[in-house]
Amino acid sequence: MIHREVAAQLDEQSYLTWFQRVRFELGGADRVSVLVPNRFHLTYLRHRHFQTLADAIETATDLQEPRIEFRVVEDAGGDADDPEPFDEPKIAAPMPESIPLNPNYVFDQFVTGPSNRLAHAAAVAVSNSPGTTYNPLFIHGSVGLGKTHLMQAVAHVFVAKGLRRLVYISCAAFTNDFISALERNEIESFRNKYRQADALLIDDVQFLASKERTQEEFFHTFNAIYNEQKQIFLTSDSPPAEIEGLGDRLESRFKLGLVADLTPPSYETRVAILKRKGRILGMEIPDDVAEFVGRRIHDNVREIEGALMRLQTLVTIERRPLDLPNVEYSLADILEEHHPRIDLPRIQQAVVEHYDVSILDLHSKKRSRSIVVPRQICMFLARRHTNMSLGEIGDFFGGRDHSTVIHGVAKIEKSLASDARIQTAIETIERTLR
Ligand code: ADP
Ligand code: MG
């Protein structure tokens, strides 16, 4: 049993936390599906326990290098060591290979703010009255901002409404399906299944870029559904006009209904997302922690979820309190990607930009004030922000000895107390470093 092998390799707490709710499914000659209850779980297993899993699967199944695939399924619960097969979540009468819906991607779990309000409202409207409000609905935005989440939220509502012939598929899968229909001479049945859909939800249509045959087919599919006044919902990483190699015909059709964008969430929304998702994971995230993480991670929601995973590990596995010092420590490497470590080359770069002097001059023997001050500021900032020794700093600046560095640092410290221009310069440079 795979569960038993995993349990043997982990401490009890990790096993219970991460594997109790996981199921395994053997399929094909060498494939093992790992069914997990949600996406956080999936990310965590993939990053932290992949080797454990791979070893356990190899031992338990006797497969050499099995192909391991992860899937999120609703209710992957149940007792450990009970690998009964169970059904995949169903979409009402899936015609093409619809993607299983993620139970977490529902409107209830979507946090709104200025960055996504329009897109969210439009998706809600479409889910309430398919085919009659915005058709097509076209939502675009860069990665990790909630396009797939909104699309699946609409799909969930359609399923609940009992919409029978729902097509929800990624554009890549649509393309593959089309190509294999061509190869197998089954284009008629391909057309039947897509063109008779009651709703057509296609994720990531930027994939159509420069694929002429598929675009042609897609164009006719679009028209068939549109003419029946059935809902079309498309997402993309860029607006219609910026999808390269997209013909005019498709571009203008994509703009027939509503085009709404998703932008990176504001600080307030990021904090709200942290708190809400924390609660879903069973953590009450203190305000100061949510504010700290919210300030430091801004690009997209997926990164916020990455941080949440760490916090969950901190609490459930390391069993440490969720306070600022612990959080700062456990997120250090994630945050560093956003704020590269301050080192002397970066300091020097910021200083030469501020003073408009050349790096060569800083390293030269020149002693004019316009060069000496920036050089001393570099030394001062290196002492303040790095662990470099006086000697190392001296070496960096063309082999100056450590007493020169001491003198330089002291000079700036003194000016800092009395010279407003130096104060402002240092504040400005430090801001660019952060
Ligand atoms: P995209 O398809 O735009 O790349 P996803 O829809 O996959 O992004 O979103 C990435 C992750 O961020 C998902 O886990 C999703 O649930 C989450 N997410 C994105 N936006 C929000 C939001 N406004 N509220 C809650 N979760 C969000
Ligand atoms: Mg997506």
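A residue is called buried here when its relative accessible area is under 20%, exposed when it is over 50%, and partly exposed in between, using a 1.4 Å probe and protein chains only. By that yardstick His-298 is partly exposed, because its relative accessible area is 28%. The model you are looking at is predicted: local features need pLDDT of at least 70, side-chain atom pairs count only at pLDDT 80 or more, and totals for chains, interfaces and linings use all residues. Residues are numbered from 1 along each chain as its sequence is written, chains are lettered from A and ligands numbered from 1 in the order in which they are written, and side-chain values use heavy atoms, with hydrogens and water left out.

Let us stay with His-298 for a moment. This residue is found in the loop between helix H12 (287-296) and helix H13 (301-316); helices (H or I, at least four residues) and strands (E, at least two) are DSSP runs, numbered from the N terminus. Val-351 is 53 residues away from His-298 along the chain, and the C-alpha atoms of the two are separated by 26 Å.

Now turn to the sheets. Strands of a sheet pair through backbone hydrogen bonds, either parallel or antiparallel. Two strands are taken to pair if DSSP finds at least two bridges between them. In the order E1-E2-E3, 3 strands make up an open sheet with mixed pairing. Strand E1 (23-27) and E3 stand at its edges with a single partner strand each, so one side of each has no neighbour in the sheet. From one strand to the next, the twist averages 25 degrees; for such angles, axes are lines fitted to C-alpha atoms, for helices over the stretch in contact, and the values run from 0 to 180 degrees between N-to-C directions.

How do E1 and strand E2 (residues 31-36) pair? They pair in the antiparallel sense, over 5 bridges, and Gly-27 stands opposite Arg-31 in E2. The hairpin of E1 and E2 has 3 residues between the strands, and there Gly-28 takes a positive phi near 70 degrees. On to E3: E2 and E3 run parallel and are joined by 6 bridges, with Glu-69 in E3 as the bridge partner of Ser-33. E2 is mostly covered, as 5 of its 6 residues are buried. Helix H4 (residues 50-61) lies across E1, E2 and E3, running at about 120 degrees to E3.

The other sheet is also open, with 5 strands in the order E5-E6-E7-E4-E8 and parallel pairing. Strand E5 (166-170) and strand E8 (258-261) are its edge strands, each pairing on one side only. Here the twist averages 10 degrees from one strand to the next. Strand E4 (residues 137-140) pairs with E8 in the parallel sense over 4 bridges. Within that pair, Phe-138 stands opposite Val-259, and Leu-137 has Leu-258 as its bridge partner. Side chains alternate along E8: Leu-258 and Ala-260 point to one face and are buried, whereas Val-259 and Asp-261 point to the other and are not.

Helices pack on this sheet too. H5 touches E4, strand E7 (231-236) and E8, and its direction makes about 140 degrees with that of E8. Helix H9 (residues 212-227) lies across strand E6 (199-203) and E7, at about 140 degrees to E7. Ser-115 is found in the loop between strand E3 (67-72) and helix H5 (117-128). With a relative accessible area of 8%, Ser-115 is buried. Contact means heavy atoms within 4.5 Å, and, leaving aside residues up to four places away in sequence, Ser-115 touches Asp-261, Leu-262, Thr-263, Pro-264, Pro-265 and Ser-266.

Our last stop is helix H21 (residues 420-433). Its 14 residues should span 20 Å at 1.5 Å a residue, and its end C-alpha atoms are indeed 20 Å apart; the expected span is 1.5 Å times one less than the number of residues. Which residues of H21 are buried? They are Ile-422, Ala-425, Ile-426, Ile-429, Glu-430 and Leu-433. These cover an arc of only 125 degrees around the axis, which puts them on the same side of H21; the arc is that of the directions from the helix axis to the C-beta atoms. An α-helix has 3.6 residues a turn, so residues three or four places apart point the same way. Among the elements covering the buried residues of H21 are helix H16 (344-355), helix H18 (369-385) and helix H20 (402-418). Arg-421, Arg-431 and Thr-432 are exposed on the other side of H21.
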